[in-house]
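This report describes a sheet and a covalent link in one protein chain. Please keep the structure in view while reading.

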Amino acid sequence: MTATATDTTGASGSATFGWTVSGGGGSACQVVYTTTSQWPGGFTANITITNTGSAALSGWTLKFTFPGDQHITNAWNGTASQTGGNVTIANASYNGTIAAGGSTSVGFQGTWTSSDAAPTAFTLNGGNCTT
């Protein structure tokens with residue numbers, strides 16, 4: 001692309017350049033959500049995050065939305081926060097890097113009243129993950 005600018009005196013100049021547009025952040029990932037235990041009003045779950053990209057991830061944040069009325073009461077291998085059905089889990093200090101082709105797991109315990117349906121869509125660092 002060439003851009004040309006002219007000032008108020010009539011002097012002008014131009015520059016030729018190119019640019020690369022890449023996706024809006026995120027990473028290549030696969031997520032597997034497994035309900036490991038369930039009882040009336042409660043459950044435990046495990047999420048395995050696999051880095052399917054060609055470079056290591058350094059620092060990660062996983063986001064998803066519960067389709068039911070679940071609420072996380074405690075988590076391990078990550079720091080979980082929840083607003084309504086929207087959940088954010090950030091890496092722990094010891095699992096913040098996921099090597100290319102590598103994986104890590106997080107888990108949590110929670111409560112539910114009428115539905116413990118599993119989430120079906122996940123993002124990691126803003127990029128959509130396969131399930």
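## Disulfide and sheet

In this predicted model, the count comes to one disulfide. In general terms, a disulfide is a covalent bond between the sulfur atoms of two cysteines. Here the two cysteines are C29 and C129, and their sulfur atoms are 1.9 Å apart, a separation that meets the cut-off of within 2.5 Å. The link of C29 and C129 is left-handed, with -90° about the S-S bond. C29 belongs to strand 3, whereas C129 lies in the segment after strand 13 (127-128), so the disulfide ties together parts that are 100 residues apart in sequence. Are these two cysteines, C29 and C129, buried or exposed? Both C29 and C129 are buried.

Strand 3, which holds C29, also belongs to an open sheet of four strands in the order 3-4-11-7, with antiparallel pairing. Strands of a sheet pair through backbone hydrogen bonds, either parallel or antiparallel. Strand 3 and strand 7 stand at the edges with a single partner strand each, and therefore one side of each is left without a neighbour in the sheet. On average, neighbouring strands of this sheet are turned by 25° against each other, direction ignored.

The table gives the residue ranges of three strands of the sheet.

| Strand | Residues |
|---|---|
| Strand 3 | residues 29-39 |
| Strand 7 | residues 71-76 |
| Strand 11 | residues 103-111 |

The pairing of strand 7 with strand 11 is antiparallel and runs over five bridges. N74 has Q109, in strand 11, as its bridge partner.

How values were computed. Residues are numbered from 1 along each chain as its sequence is written. This is a predicted model: local features need pLDDT of at least 70, side-chain atom pairs count only at pLDDT 80 or more; totals for chains, interfaces and linings use all residues. Side-chain values use heavy atoms; hydrogens and water are left out. Two strands pair if DSSP finds at least two bridges between them. Helices (H or I, at least four residues) and strands (E, at least two) are DSSP runs, numbered from the N terminus. Axes are lines fitted to C-alpha atoms, for helices over the stretch in contact, and angles run from 0 to 180 degrees between N-to-C directions. Buried means under 20% relative accessible area, exposed over 50%, partly exposed in between (1.4 Å probe, protein chains only).
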